[in-house]
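Please look over the sequence and the model below, and then follow the text with the structure open beside you. Each term is explained where it comes in.

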Amino acid sequence: MKKTFQLQVEGKHPERLLEAIKHEIRKYIARERRRALPAGVDFWDFDCRFGASEEAAEVVHLEAITDSINAVVQAAGTQFYVEILAKHGIRKPRPAQGDQP
């Protein structure tokens, strides 16, 4: 998903528009996670970028997107850009713990 969302659309209530945008992002992530995993892959991971525009977008963690959206709304921004791309994730084994009961 690579998309620029407008926060001020004529004829739409800003709070409802914001919730619809967040819902669309969550729905996309859930849909990507439901896809079948290729052999040797443990989970779907995501590369995310967020910013006021595509050129100004910076890398963020997936879980920080909602907080970033809220920050733009608090700063009275008019739009923001979100890029969420699914990638293969492979779990790394935990390091062995020494003397743990």
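A good place to begin is a pair of charged residues: the side chains of lysine 87 and aspartate 47 meet in a salt bridge, at 3.0 Å from N to O, where a salt bridge is a side-chain nitrogen of Lys or Arg within 4 Å of a carboxyl oxygen of Asp or Glu. Lysine 87 lies in strand β4 and aspartate 47 in strand β2, so this pair ties together parts that are 40 residues apart in sequence. Helices (H or I, at least four residues) and strands (E, at least two) are DSSP runs, numbered from the N terminus.

Before going further, note that this is a predicted model, in which local features need pLDDT of at least 70 and side-chain atom pairs count only at pLDDT 80 or more, while totals for chains, interfaces and linings use all residues. Residues are numbered from 1 along each chain as its sequence is written, and side-chain values use heavy atoms, with hydrogens and water left out.

The side chain of lysine 87 also meets that of aspartate 45 in a salt bridge, with 3.9 Å from N to O. Aspartate 45 lies in strand β2 and lysine 87 in strand β4, so here the parts tied together are 42 residues apart in sequence. Through shared partners, these salt bridges join Asp45, Asp47 and Lys87 into one network. How exposed are its members, if buried means under 20% relative accessible area, exposed means over 50%, and partly exposed lies in between (1.4 Å probe, protein chains only)? Lysine 87 is partly exposed at 32% relative accessibility, aspartate 45 is partly exposed at 29%, and aspartate 47 is partly exposed at 39%.

The structure holds five salt bridges, and one of them brings together the side chains of glutamate 32 and arginine 35, at 2.4 Å from N to O. Glutamate 32 is buried, with a relative accessible area of 9%, whereas arginine 35 is partly exposed, with a relative accessible area of 39%.

Let us now turn to helix α2. Which residues of α2, a helix that spans residues 65–74, are buried? They are Ile65, Ser68, Ile69 and Val72. Seen down the axis of α2, these buried residues fall within an arc of 100°, so they line one face of the helix; the arc is that of the directions from the helix axis to the C-beta atoms. On the other side of α2, Asp67 and Gln74 are exposed. What covers the buried residues includes α1 (14–34), β2 (43–51), β3 (58–60) and β4 (79–89). Just after α2, alanine 76 takes a positive phi of about 60°.

Helix α1 contains lysine 22, a charged residue that deserves a careful look. Lysine 22 is buried yet has no salt bridge, and the nearest side chain of opposite charge, glutamate 19, is 4.0 Å away; in this count Lys and Arg are positive and Asp and Glu negative, while His and the chain ends are not counted. The side chain of lysine 22 does make a polar contact with the side chain of asparagine 70, at 2.8 Å. A polar contact is a pair of N or O atoms within 3.5 Å; within protein, one must be able to donate a hydrogen and the other to accept it, and residues adjacent in sequence count only if both atoms are side-chain atoms. Not counting residues up to four places away in sequence, lysine 22 touches Thr66, Ile69 and Asn70, where contact means heavy atoms within 4.5 Å.

Also in helix α1 is isoleucine 29, which is buried, with a relative accessible area of 12%. Isoleucine 29 touches Phe46, Leu62 and Ile84, not counting residues up to four places away in sequence.

Finally, consider the largest nonpolar core, a nonpolar core being a set of buried Ala, Val, Leu, Ile, Met, Phe, Trp, Tyr and Cys residues joined through side-chain atoms within 4.5 Å. Of its 19 residues, Ile25, Phe80, Val82 and Ile84 touch the most other members. At least two residues of this core come from each of α1, β2, α2 and β4, and α1 gives the most, with six residues. Leaving aside its neighbours within four places in sequence, phenylalanine 80 is in contact with several residues, including Phe5, Leu7, Ile21, Phe50, Ile69 and Val72.
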